[in-house]
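Q: I'm in my first year and still learning to read protein structures. Could you take one part of this one and walk me through it slowly?

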Amino acid sequence: MAVEQFRAFFACDRCGERYASKPWRSYYLDVSTEPPRKIAVQSRVAWCDAEQTVVTAERYQSPESSSGMLDFMVEHRAHGMAAPSGKELAFFRMLLELSERRESPPRCLGCGSLEFEYLVDESGRTSTVEHPRCGGVIRSVGLLLGGWDAPPERYYSTEGIRIDDLAAIERAVLIDVDHEDC
Ligand SMILES: [Zn+2]
Ligand SMILES: [Zn+2]
C-alpha cells in the first residue's frame, strides 16, 4: 500500500555533504491497555548532535495544545459543522492522555538522544544549523512529497524509547484519524 509522506533533503553550503530524512513510520505503543494501543508519533525533521545527521525527532506536544485540539474538535460539533468521527475523538483523546503522562522531553527518533535541533519550525518553515564538521551551514534543499510503498515501522514507548516487543506490537490496535490529504 502506498503511504502519503515526505522526505526532506538538506545540504551543507561549505563542504557539500547531503542529508535526507529517513522514511520511517513511527508509532507509540501504549502497553498500559489491553490490547495495547498504537498511535502515530508527531515528529519533525531535526539535526541530531549525537548521530551527526538529519533525523526525525519527536515534536513536543504540551497537554495544553493537545487539549486545545480536542476542544476544537468538540466545538466543531457545537457550531453545526461536521461532527468529529469517533476515530478522530479517540485519536485526540489519546494524544492528550499521552502528553499528560509524558515525563521526558522530546527525543531523537533515531537514537533516543535529547540533543538535537529542529530543522523545521512549528509553521513548517525550515531553519538552518551549523555543520559541526566544517563550520558551514546546513540548509534545506528541498522536499519530496509522494506515496511510497509502506516504509518500515518503528515502535516507541510513550516516553519515546525504541522498543521491539513483537508480541505487544502484533496485538496493538491503531488509534487513527481518517486523514486524507490534510
Ligand atoms: Zn559541511
Ligand atoms: Zn539521534
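What follows is a close look at the nonpolar core and the pieces around it.

Q: Which residues have the most contacts inside the largest nonpolar core, and which elements give two or more residues to this core?

A: Before we start, keep in mind that this is a predicted model. Let's set the scene and then zoom in. The protein has three helices and twelve strands. Its radius of gyration is 18 Å, close to the 16 Å that the globule rule gives for 182 residues, so the protein is as compact as a globular protein of that length. If you boxed up the C-alpha atoms along the principal axes, you'd need roughly 55 × 40 × 35 Å. Buried residues make up 24% of the 182 residues. And if you take the contacts with a separation of 6 or more, 70% of them join residues 24 or more positions apart.

Now for the core. In soluble globular proteins, nonpolar side chains tend to be buried together. Here the largest nonpolar core has 28 residues, and A46, W47, V54, V55, C108 and F116 are the ones with the most contacts inside it. Two or more residues each come from β1 (2–12), β3 (25–30), β5 (43–48), β6 (53–58) and α2 (86–101). The largest share, six residues, is given by α2.

Let's look at that helix. The buried residues in α2 include F91, F92, M94, L95, L96 and L98. An α-helix has 3.6 residues a turn, so residues three or four places apart point the same way. You can check the helix's length too: at 1.5 Å a residue, the 16 residues of α2 should span 22 Å, and the C-alpha atoms at its ends are 22 Å apart, which agrees.

Next, find W47 in your viewer. Skipping its neighbours within four places in sequence, W47 is in contact with V54, F116, E117, L119, V129 and I138. Right beside W47 in the sequence is A46, whose bridge partner in β6 is V55. That pair belongs to the antiparallel pairing of β5 and β6, which runs over six bridges. Zoom out a little and you'll see an open sheet of three strands, in the order β6-β5-β7, with antiparallel pairing. β6 and β7 (116–118) stand at the edges with a single partner strand each, so one side of each has no neighbour in the sheet. On average, neighbouring strands of this sheet are turned by 45° against each other, direction ignored.

There's a little oddity in the loop between β5 and β6, where Q52 has its place. Phi of Q52 is near 55°, a positive value in a residue other than glycine. Most residues other than glycine have a negative phi, and most peptide bonds are trans. Q52 counts as partly exposed, with 13 C-beta neighbours inside 10 Å.

Over in strand β1 you'll find F10. F10 is buried, with 23 other C-beta atoms within 10 Å. Leaving out residues up to four places away in sequence, F10 touches Y19, V54, L119, I138, R139, S140 and V141. So which of these names have you met already? V54, L119 and I138 are among the contacts of W47, and they are among those of F10 as well.

The last stop is β3, another contributor to the core. Five of the six residues of β3 are buried, so the strand is largely enclosed by the rest of the structure. β3 sits in an open sheet of five strands with mixed pairing, in the order β11-β10-β3-β4-β12. β11 (162–163) and β12 (173–174) are the edge strands, each with a single partner, so one side of each is left without a neighbour in the sheet.

Strands of a sheet pair through backbone hydrogen bonds, either parallel or antiparallel. With β10 (residues 153–156), β3 pairs in the parallel sense over four bridges, and R25 stands opposite E153 there. With β4 (residues 37–40), β3 pairs in the antiparallel sense over four bridges, and L29 has K38 as its bridge partner. β3 and β4 form a hairpin with six residues between them. In the loop between these two strands is P35, and the peptide bond from E34 to P35 is cis, with omega near 0°. Further out, β10 and β11 pair in the antiparallel sense over two bridges, with Y156 opposite R162.

Terms used. Residues numbered from 1 in each chain as written. Chains lettered and ligands numbered in written order. Predicted model: local features only at pLDDT ≥ 70, side-chain atom pairs only at ≥ 80, totals over all residues. Core = buried A, V, L, I, M, F, W, Y, C linked by C-beta atoms within 7 Å. Buried ≥ 20, exposed ≤ 12 C-beta atoms within 10 Å, placed from the backbone. Contact = placed C-beta atoms within 7 Å. Pairing = 2+ DSSP bridges. Axes fitted to C-alpha atoms, helices over the stretch in contact; angles between N-to-C directions. Expected span 1.5 Å × (residues − 1). Rg over C-alpha atoms; globule rule 2.2 N^0.38 Å.
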